[in-house]
Structures are given as structure tokens and as C-alpha cells.
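Got your viewer open? Here is a short tour, one selection at a time.

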Amino acid sequence: MQPILKSTKLANVCYDIRGPVLARARQMEEEGHRVIKLNIGNPAAFGFEAPEEIVVDVIRNIRDASGYSDSKGLFSARKAVMHYSQQKKIPGVTIDDITLGNGVSELIVMAMQGLLNNGDEVLVPAPDYPLWTAAVSLSGGTPRHYLCDEGAGWLPDLADIRAKITPATRAIVVINPNNPTGALYPDDLLQGIVDIARQHELIVFADEIYDKVLYDGRKHTSIASLADDVLFITFNGLSKNYRACGFRAGWMIVSGEKRHAQDYIEGLNILASMRLCSNVPGQHAIQTALGGYQSIEDLVAPQGRLCKQRDLAWELLSNIPGVSCVRPQAALYCFPRLDPKMYPIDNDQQFILELLEEEKVLLVQGSGFNWPTPDHFRVVFLPNVDDLAEAIGRIARFLEMYRKRHGT
């Protein structure tokens, strides 16, 4: 029989957060090993539960959630998102500018499919959340990675952005707060990106899913609040701020210069209608979440659990010889660098696999986030402080043995 092959559209699509190393970790668990998983930002797996009032609201509305909703989502949920956009000072947002989705992931893919033709280019940060690169490729586009500068606190390099623009460039992706680096972008940097988008008539896709997971009293500015003459598509949801990943409740806001984008907006509406609607029980969580007590503020406060874990992870990683790490300002991750002289690595996926097999700790290699050199990895700091200390202790032990094996 002829082999059944996957679509050629998947040739440049990968998602190493759930890639082959995870498959090996599952095999090890089936063999009886306990693996510490620091690969996925899934709060529930580490004891972070969705707020009680959100759960109660979903339960109370479950009998009314059996049928389809409007393809864009429940009116009450979209109105709550509209009010949230007003709090974020995004101008001119109406109910019709908001589409709810099965998490931000679905909406990112929809936004790319609705826009891109073969050969169109989209500027994507390096490192990035890899779904962005995958969605661009799957939609027939070409991702062009602009560098974020580790030496400048992982801020995007505006000169590199300008250098990567071609006549085929359609849009620029901004992930702020950033996954995997934990960077939070200042207003002047965001304004610089807006100026570039305006000059080259680019759409700005703003991934702001971590906009409340902020440390040390920092504030987040939505890039869409900085202009009304550029088209912005802003993505957010309940997964991280409200520890409700499994609810699959996200939203997409169209704002700014919409008059020249009516055909694209029509395409987004077609795609929203094709999937009928997003998960209705999850939609019932949105109004309560956005309007209720913001418990995330307790978790990121100086004595909050997330802040303490951020501090511990950063300190322990920074104390390992040959490891440097920019202190995360936001989100749930550290993205440390390995000194190539001390850790000569040719294949960082193989490096992470060796760590898994020797120390039973699961990470994701830097190349999984489209970082161009094999000298970084991402650490999720969601485990409690005891488990986090044990996991990073195992990483330190592995790195010590790696140095000895390679004579550095």
C-alpha cells in the first residue's frame, strides 16, 4: 500500500513545547519514572485553580450552554471584553469588533488564515511563542524573525525589524508580556513599533495573554492604545491571568484603522461562522472573570506565590556556573543562556533529551521558540518553591556533569 503522507502545508510547522522530547517523557512515566515537567505553562497542573466565582458561574449557566451561541460569542461576554478594552484605553472598540474563540490559539490561526496568501510575510519575534510561526507557515505565509536583544532585556530590536521588512510584509507580531523571555515592553518601544507599522502599512497582531501577570509593581500598556490610524488585532483570554487554560476562553479585538480592512474583517467573520461558535460554557466565565476580584494581583505581589517562585527560579539559575538569565518582569518563564564555551551544544533538542533521561526534568530547548542558536532553554516557574528548588538542583547537577564530559 502507498504510505499516507501528511499535508505539505505542515512541512515548516512544528510545536516543540509538545514535541518529541515530551513523547519520551510520557514513555518514561509509563515505565514508572517521576518526571518534573517544566515545559508547559499550565497553572492547574501546579495547584493554581481558577477562581471559585468563575467556576460557580459556569456551573450555574451550564444548562443554558447546550446550544450554539452567536458565531462571535455571547453578548454578555463580548460586552465585558469591550469594557476591558476601554480600561486598557483601546479606542473605538464596539461589540462587533470582538470575536470569542476556543482560547487565543484558535484565534491566532484564524487571523493568519484570513489574511495570508502564499508568499506573504509576517514579522515574528525571535524568540517567539511557536504557535505564531506555525500559524503563519500553515496559512501559506513566510515567518520572518526579528531579533529581541537579550543584552537590552529582551526588547525587540527596532533596527532589525526595519531591516526585515520587504514588499511582501503584511504584519508584525508583538508578544507583550513576552513568552518565553518574561520581558515587558516600555511605551517608547511600543510607540516605535507603531511608527514602523504606520510607515509600512502593517497590521499589528498583539498577543497580550499575560497582561496581568506582572511583577515588581509594573504596568502593562496595550499597544493598540497608542494609535487609531493603524490596524490592530489584540488577543487575550482567561488561560493565564485567571488560571483557566482548560476553559478555552479567549478573545480577539479589532481596533484602529478599520475602514481599509473591511474585506479582511469580513474574512474573519466567515471563519468565525465556519466553526459555528466557540465553547459556550467557557464563554460564561468571561464576564465574571473580567468584572470580579482580580486574584492574580495577590499571586504576583511581593509575597505572592508566583513572585516568590519567579525570584527563586531566577536566583538559582543565575547561580549555576556558565548560566546567565535576564530577570523576568512578567509571565511565567525564565529563558536562561548557556555560555557556549562552557556548554558546547550542537543540537539543543538532544541536549534537553539527555537532561530528561539523566535527571527526569522536562524543559523546552531554545530552538523550540525559534531562537537561532543552541544556547538557551525555557524554564516554567509554576511549581511550588520546594519542587522548583529540586528541579533546578537537578538541572545544575546535569550541567556540572556536562561540563566534566566536555572538559570545560
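We'll begin with the whole chain and then move to single elements and residues.

**The whole chain.** Keep in mind that this is a predicted model. Show it as a cartoon and you'll have 14 helices and 15 strands on screen. The radius of gyration is 21 Å, close to the 22 Å that the globule rule gives for 408 residues, so the protein is as compact as a globular protein of that length. Turn it around: the C-alpha trace spans about 60 × 60 × 50 Å along its principal axes. Of the 408 residues, 56% count as buried.

Now switch on the surface. About 17400 Å² is exposed, with carbon and sulfur atoms supplying 51% of that. Colour by charge and you get 41 positive and 49 negative side chains, with the centres of the two sets 2 Å apart.

**Helix α5.** Select residues 130-138. Here 8 of the 9 residues are buried, so the helix is largely enclosed by the rest of the structure. The buried ones include P130, L131, W132 and V136. What do they pack against? Show α4 (103-115), β3 (121-126), β4 (142-149), β6 (169-175), β7 (203-207) and β8 (231-237), and you have the answer. Then step on to G140, which follows α5 and has a positive phi, near 90°.

**Two cis bonds in one loop.** Go next to the loop between β6 and α7 (187-200), where P177 lies; P180 is found in the loop between β6 and α7 too. The peptide bond joining N176 and P177 is cis, with omega about 0°. The bond from N179 to P180 is also cis, with omega near 25°. For context, most peptide bonds are trans.

**Two positive phi values.** Most residues other than glycine have a negative phi. Select W154, in the loop between β4 and β5 (155-156): phi is positive there, about 70°. Is W154 buried or exposed? At 1% relative accessibility, W154 counts as buried. Then pick A331, in the loop between β10 (323-324) and β11. Phi of A331 is near 65°, and at 0% relative accessibility A331 is buried as well.

**A small open sheet.** From A331, move on to β11. Three strands line up in the order β11-β15-β14, with antiparallel pairing. β11 (333-334) and β14 (364-365) stand at the edges with a single partner each, so one side of each has no neighbour in the sheet. Zoom in on β11 and β15 (residues 377-380), which are joined by 2 bridges. Last stop: C334, which stands opposite V379 in β15.

Notes:
Residues numbered from 1 in each chain as written. Predicted model: local features only at pLDDT ≥ 70, side-chain atom pairs only at ≥ 80, totals over all residues. Heavy atoms only, no water. Helix = DSSP H or I, 4+ residues; strand = E, 2+ residues; numbered from the N terminus. Rg over C-alpha atoms; globule rule 2.2 N^0.38 Å. Buried < 20%, exposed > 50% of the residue type's maximum accessible area, 1.4 Å probe, protein only. Areas by Shrake-Rupley, 256 points an atom, 1.4 Å probe, with all protein chains shown as cover. Lys, Arg positive; Asp, Glu negative; His and termini not counted. Charge placed at Lys NZ, Arg CZ, Asp CG, Glu CD. Pairing = 2+ DSSP bridges. Contact = heavy atoms within 4.5 Å.
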